[in-house]
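The exercises below are meant to be worked with the coordinates open, each task being followed by a solution in steps. Please attempt each task before reading on.

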There are 2 protein chains.
Amino acid sequence: MLQSQLFTKTIREIPKDEESKSAQLLIRAGFIDKLSAGVYTFLPLGFRVFSNIEKIISEEIEKIGGQRLLMPTLIPKSYWQKTNRWKIFKELFKVKGKNGQEYGLGPTHEEVVVPLVQKYVSSYKDLPCYVYQIQTKFRDEIRVKSGLLRAREFEMKDLYSFHQDEKDLERYYERVKKAYFKILERVKLKEKTYLTLASGGTFSKFSHEFQTLTPAGEDTIYICQKCNLAINKEIKKQFPRCPRCKEENFRKEKAIEVANIFKLGTKYTKPFDFKFVNGKGEKQWVVMGCYGIGLSRLMGALVEVHHDNKGIIWPKEVAPFDIHLVKIKNQKSKIKEKIERVTSEIYNTLQKRGFDVLYDDRENKSPGEKLVDADLIGIPKRIIVSERTLKKNCVEVKERREKKSKLVKIANLLKTKSNKNI
Amino acid sequence: MLQSQLFTKTIREIPKDEESKSAQLLIRAGFIDKLSAGVYTFLPLGFRVFSNIEKIISEEIEKIGGQRLLMPTLIPKSYWQKTNRWKIFKELFKVKGKNGQEYGLGPTHEEVVVPLVQKYVSSYKDLPCYVYQIQTKFRDEIRVKSGLLRAREFEMKDLYSFHQDEKDLERYYERVKKAYFKILERVKLKEKTYLTLASGGTFSKFSHEFQTLTPAGEDTIYICQKCNLAINKEIKKQFPRCPRCKEENFRKEKAIEVANIFKLGTKYTKPFDFKFVNGKGEKQWVVMGCYGIGLSRLMGALVEVHHDNKGIIWPKEVAPFDIHLVKIKNQKSKIKEKIERVTSEIYNTLQKRGFDVLYDDRENKSPGEKLVDADLIGIPKRIIVSERTLKKNCVEVKERREKKSKLVKIANLLKTKSNKNI
């Protein structure tokens, strides 16, 4: 894409109403825009990152059998009343239609997915069953201050599993755990993320959260110094020793919950009277699990972890572009036409080879401004074409993560094969 | 995908609360499920069709320069008040947060996109600018009865363009018109869809709708018998003759509006005081256009146009799968293991060749039930493997659209190359 065509521009000033580093950088670099507290637009650069995260998550969830669907946002009051959450779900946004129908705006979808799956599942032969969606969710949070880390409107992946018994749920629960770590590995958050014991609600004693370390996090976790299992502060009083390795030493950290997995058991299948006929012809409650990943929150957490004082440093698999190609052209240069021509050729060739390239072709920006913008936006690889590099028939290549750049022969660069789209 | 794994099942009974043929078929075949009046879930089959339509639309919109973003659903009252639509937009769902903040749930996004683009555009050098999104929209309709054709919650592509002057808007408006016909051609609705003059609001005298002929349509249009331009009934009184070719003969038809394009002029830029500096250094109002396609409505219209008395007939480019592979296995057959083995081999090979295959591997369904289901679901190509076909080393291939099937040598079938993913 030509950067001159990108309608957003970088912003120099730090937004005064954002406390978290990730929100500040994402706004300044043109990835998101704040419409009101806790409500953001994903701008073209941000939407590209969002789509990359979405792709990784859906690939890994489909590998463990997830079938993708899209449930509605407008969930009628009667569904919420079945589970009593119309009263007790404090963060539910409520809206009333002209016809008198009241709806809760979906913050989670047990009340929709249970009666939906119930329509099609009656026998043990229909189980297990795994469905998921990636969707905008709504929560009427009292206090929002950390950009994408806690919002009123946000993007989420929610997966629901249905089983004959707890043993089968247990088995799938462990598969999801692995899939989640695979996702975290691909987006480059695994190193900073800890499997964390948290309270489990009514059915199972505990649930698991995936907590990413960052000072901007709202949670406090205690990490076992020996086996790395973490425990959420809210239940730490129950664990003088690590429940896994019996170690007594913990270190305290601030963290943000990017995902969670939950054994729901029959909590939501009972209110909807969702039973199946087992192998002996007897009716039994269906057993359930639910598994969430906050996509927009994960994007915020990524920036919390991957940035420096110049800007964002996107990991390769989620970056909005693979390469930031920067043309440095002095208007007085004798070879300015050559710079123009060679940069265009590199742009076209790299694109043909399957790379996503953002080409900074802007004429009204100084070299300094262009480099500051490139650092702020944070595309993993930067390629500069200038009079100086062309004299050596080279371009200057620099990884955003590294300090040093290197000169690469243009002829060699044009032979590079993409690791994608082959 | 193995059909035994698909959690939805086809439904024999015609849903009593759905008047339109498309809603009946989509529900019975397992593409959508009704949560409440005008509110539907896209089931796995439906989500696949939705994704295909989304892909076609975004490809064509990006060809004409559209930059994709994602704007919020929760739009604060203050934005709606700027344009006075908090009062006059009758179908706006309103919701109030615990902090007292009131929001309108986005049915369209002029109130968001204008101040957003305004942040980045100040000079004529920043124009024109085209942004779009594909998003869930909300409209508090009093009466909904036709499934996806008129819903309270629905999927829409909305594109907004920003220009220096009317001439530039005019030019882009014609490009969008062509892009829309390209989209309609790809989804196979072009033949039944008429460019239709409709009322234009305050700025331009007329807008254009894309009306697809179907008895389930809520609109009435008059089609010029000579040049095929149509006129919406609401403004037909102004046109005794066709405004394009001066013909007097029209035929009257029922139709559904699947898309529209609109010259907004300065209707929304004025309330937000959105001006740019022109080449002479003077400030001028930015001129705007907006362009919508109802994705979920288009999916409904597709089924209205493409079905027969047995079920849906999906056009190739939007079909949930390319091929429906059906195993017909008599449990008493001597070659039942061979049938199993050969069908699996065909399934694996076709998938490797890039085809999306739904494999009806179900053991508890009769051949008759399987064929009825295949016709209802409507995948364009059906391949049957049975004892009868294997005796000739063949499979039976039938296009959903055709009546006759043909026998194809398995060896030849396995050599078929996909027209996709190459």
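**Exercise 1. The rotation axis**

Which residue of chain B comes closest to the rotation axis, by C-alpha position? Find it in this predicted model, and state how the two chains are related.

Solution. Begin with the superposition: a turn of 180 degrees, with a shift of 0.0 Å along the axis, lays chain B on chain A with an RMSD of 0.0 Å. That is the relation of a two-fold axis. With the axis in place, the C-alpha distances to it can be compared over chain B, and the residue that comes closest is Val95(B), at 2.6 Å.

**Exercise 2. The contact between the chains**

Determine how many residues each chain gives to the contact, which elements of chain B supply two or more of them, and how these residues divide by class.

Solution. Counting residues in contact, taken as those whose C-beta atoms lie within 7 Å, gives 42 residues from chain B and 42 residues from chain A. On the side of chain B that touches chain A, the elements that give two or more residues include helix H2 (44-63), helix H5 (110-120), strand S5 (93-96) and strand S7 (129-138) of chain B. Sorted by class, this side of chain B has 25 nonpolar, nine polar and eight charged residues. As a last step, compare the two sides: 100% of the interface residues of chain B are also interface residues in chain A, so the copies meet through the same surface.

**Exercise 3. The architecture of chain A**

Describe chain A by its extent, its secondary structure, its domains and its burial.

Solution. The C-alpha trace of chain A spans about 85 × 60 × 45 Å along its principal axes, and the chain holds twelve helices and 23 strands. It is divided into domain 1 (21-308) and domain 2 (323-413), whose centres, taken over C-alpha atoms, are separated by 41 Å. Of the 422 residues of chain A, 49% count as buried. Finally, among contacts in chain A with a separation of 6 or more, 68% are between residues 24 or more positions apart.

**Exercise 4. A hairpin in chain B**

In which sense do strands S22 and S23 of chain B pair, parallel or antiparallel?

Solution. Locate S22 at residues 394-399 and S23 at residues 405-409 of chain B; the two pair in the antiparallel sense, over five bridges. One position to check is Lys398(B), whose bridge partner in S23(B) is Ser405(B). Following the chain from S22(B) to S23(B) then shows a hairpin that joins them through five residues.

Terms used. Residues numbered from 1 in each chain as written. Chains lettered and ligands numbered in written order. Predicted model: local features only at pLDDT ≥ 70, side-chain atom pairs only at ≥ 80, totals over all residues. Least-squares fit on C-alpha atoms with pLDDT ≥ 70 in both. Pairing = 2+ DSSP bridges. Helix = DSSP H or I, 4+ residues; strand = E, 2+ residues; numbered from the N terminus. Nonpolar A, V, L, I, M, F, W, Y, C, P; charged D, E, K, R; others polar. Buried ≥ 20, exposed ≤ 12 C-beta atoms within 10 Å, placed from the backbone. Domains from an automatic or database assignment.
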